[in-house]
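Here is a friendly briefing to read alongside the coordinates. Have your viewer ready and take the topics in order.

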Amino acid sequence: MKEKVEGKHIFRCAGLVNEEDLGHYIRIPVLIDYVREYGTDSSYLDEQSVRQFVEWRPEYKNAVFECANGRIENGVFTPAGKKDASRLYTHSEVGKMSKSKYNVINPDDVVDVYGADCFRMYEMFLGPIEQSKPWDTKGIDGVSKFLKRFWALFAHQDQWIVSTGGHPDRESLRILHQTIQRVRDDINRFSINTCVSHFMICVNELKRLDCHHRDILEPLVLLIAPFAPHIAEELWHLLGHKTSVHHGHYPEVIDSYLISDEVVYPVSINGKRRAEMTVPTDTDAKKVEELALALPEIVKWMDGLHVRKVIVVPGRMINIVAG
Amino acid sequence: MEYRIKDIEAKWQEWWDQEEIYTVPSDTTKPKFYVLDMFPYPSGAGLHVGHPLGYIASDIFARFKRMEGYNVLHPMGFDAFGLPAEQYAIQTGVHPAESTRENIVRYRAQLRNLGFNYDWSREVNTSDPAYYRWTQWIFLQLYSHWYDLKSAKARPVNELIQFFQQHGSSGTMACCGEEMAFSAEEWKQMSPVQQDEILMNFRLAYRRVSFVNWCEALGTVLANDEVKDGLSERGGYPVERRPMLQWSLRITAYAERLLNDLDTLNWSDALKAMQRNWIGRSEGARIHFPIVDSDLYLEVFTTRPDTIFGVTFMVVAPEHELIDQLTTPEQRAIVDEYLHYVQSRSERDRLAEVKQMTGVFTGSYAKHPFTGKEIPIWTAEYVLKDYGSGAIMAVPADDERDRAFADMAQLPIIDIVDRTAWPESRREDKVGRMINSDFLNGLEVLDAIPVAIQELVDRGIGERKVNYRLRDALFSRQRYWGEPFPIVYNQDGIPMPVSEHDLPVTLPELDNFKPTSDGHSPLARARDWVETGGGVMRETDTMPGYAGSSWYFLRYMDARNENAFASRESLDYWQDVDLYIGGTEHAVGHLMYARFWHKFLFDLGLVPTKEPFRKLINQGMIQAS
């Protein structure tokens, strides 16, 4: 807040201004870089940030800054009472980012910390492209970790761990092709935020399966290339290619891989999940029931209970009604 | 083998540049795909985290399409003319070209830093003379064409001149400012100045006196969407209405096509609705009210001719061309005082205040075309000159603002629609039964409208008419940092196009970028530039911000062409933009002007498609938190 008295600019801390006197003042925007605790209710400028502000707007170099606890004149802080750090409280305006409000967040600074691939995927991950959303960096670490996990499928410390021998297992192939299908569908619908989640799920699954097979990872590099072009190019060249990954062909779905030959059943007792079991997809319901009741965890939980009924939803779940 | 992000990203950005992997080959055997971002204004603040949202999405999509086997055009450029650079120049003395150049360098580096796959060899910069040469060229085409309603397309003004020489004005069906009638003989007798005035009435780029939003503090005229609540959007300075001789573009000629062709586009319904609303088509009647003791008529447009029996007074806009003749000597002082007051009011103020109606009686009366009753004619700020005919028949029983005005001025009210069967209804619902309305009595509103129109037509009192809210676009700015007009004025003040071979008309060097105090552009200071010899003077206004952005998507197709804005082959191959991504702030301004220019170029056979942007996605905003 500012008012002009006898030709001198006086800046008054937001906390010192009454609502009804607002007409005497104008709000002066400040670059957020100078503001301490920006975005909180108690955001403020201290002695140093006032100096930065004056450097930025030299027309105010002779101004007086009245703080909550004293005044700053010619860059020197005179406390009103006991020696204390100066605090000129500011108002944080939440809303559209614009040049006139000086609350611009520079993407370069974000890229500097996390890299361009991470910034790209994080902005997409924030939500549907058509939607307006607040900028917050809370989730960016998650995306950053995801990219590191993706890298870790290829290399561990100094070691290149991509395997080439034999064939990848069917489950890894299923995960790859399911991801190809989902990403292709969603990219065509401009649902880019969900593409990012498909990649995250895929990488988690492959990590769980300890899959490092080239036949899985190479298509995955092509698949992620539009989203994270730098890491994709690096891995593509580490895989031995000489031309750009961005001139490669986008992976196609092979439908036959989409069908899983194993199915994972959660096993519950009276609706409470107690165990999990993996069986071949073509196992019939009777056999599934038998296998479930024979699981060591289930045997343990069933101690002292009597099986009333076993409900098997093929391909989905098993519930044992007991009493 | 660690994931060294910084090294990896820098290395590949370097390699992509070196290997030119994003240069779009002229490989026309592949199917094309054109992905476009709305290009940024290179401001001093640089990119913020909100900008890249759309850029990242389009970058991903462009890369995906390329890997699917398409030849993908994904360019980037800069909408580089604009007020901020000029204001910065006024404050610091740094030439706008210089600050713009620096800002572009910074933007390019920031965009590169995000790993985008633009083909920079096609970069456009609207402030580059090699680019704005073609903006000026398109302006000259607009200047030298008129809109023929019979063939529903733009045609050369030369054809019109030939026609006038042979037949006079009879038989022309043109989109024009004022309708006028003259014979071939009369045409031939006219002076060049008079002929020029007539032709101005037809040209798609033309000069007229318009009431403009004049901002004293910025020293310029602002477009309606640059004014918010009577203040300039930039800076928040007061804005007043002022008459000035300005260039305008006759976008209204294309209103119907701009409206109908929306159906062919893969845009969101919300966006289409905004465009439809802006165009604002309404069907109704034009009615002539004879003025008592005069041979003048007052012409009004109404979408509700069925309410004509409820007319108890008329209102003309304070800027109406008949205001002087309507004002009687007894009322002169009070009307003059009122007109003076209105001058200080922005359009928005004038429309906003329903509660505080103002207006004065002109002293004249009109004759009701059916009842013959005498109706007082008032002038009031709530009627605008540029909408419809600038005069209204007021029906206080059935219009909220007319009602408020009648209450203020204590004018009579005649009920004409009985809505007792529709207790919750409003006027816009067009429901109820006609009363106190002679031959319309007993009819439902919706049935009464066509009956009323037919009766007006049969009695020669009026005609059927489609009206649009869309208005011609003001095209003059009193600024330095914009495209100069390729127009000079001869000794008689008649505008003449600069020869195509002399394009571009480049901006003169200046060191004072402030507008002159009498409202002229800073270009007026460059005397040597303005006076081209023999009393021929250059136009000193410049084009508005939307000039360069109205066709830039075509330039990317063949960005370095020196003989045309783009070659026929490149236009035939790239056709149109398959995917356009940008913010909703351009929903009506830029997108409407770009569609208009594109349709005009289509009429001239210069582009192969009727619409420029097939699919459009509006990205949301990233807000500070």
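The notes below cover confidence, the fold of one chain, a helix pair and an interface.

This is a predicted model, in which local features need pLDDT of at least 70, side-chain atom pairs count only at pLDDT 80 or more, and totals for chains, interfaces and linings use all residues. Residues are numbered from 1 along each chain as its sequence is written, and chains are lettered from A and ligands numbered from 1 in the order in which they are written.

**Confidence**
- Chain A has a mean pLDDT (the predictor's confidence in each residue, from 0 to 100) of 81, and 72% of its residues reach 70 or more.
- The pLDDT is below 50 over residues 1-7 of chain A, and also over residues 92-104 of chain A.
- Where pLDDT is low, the predicted coordinates should not be read in detail.

**Fold of chain A**
- Chain A holds 10 helices and 15 strands, taken as DSSP runs (helices H or I, at least four residues; strands E, at least two) numbered from the N terminus.

**A helix pair**
- Helix H3 (residues 116-125) and helix H6 (residues 192-208) of chain A have axes that come within 7 Å and cross at roughly 120 degrees; axes are lines fitted to C-alpha atoms over the stretch in contact, with angles from 0 to 180 degrees between N-to-C directions.
- Met121(A), Met124(A) and Phe125(A) of H3(A) meet Ile192(A), Asn193(A) and Val196(A) of H6(A), a contact meaning C-beta atoms, placed from the backbone, within 7 Å.

**Interface of chains A and B**
- Chain B gives 40 residues to the contact and chain A gives 52 residues.
- On the side of chain B that touches chain A, H2(B) supplies the largest share, 10 residues.

Conventions:
Two residues are in contact if their C-beta atoms, placed from the backbone, lie within 7 Å.
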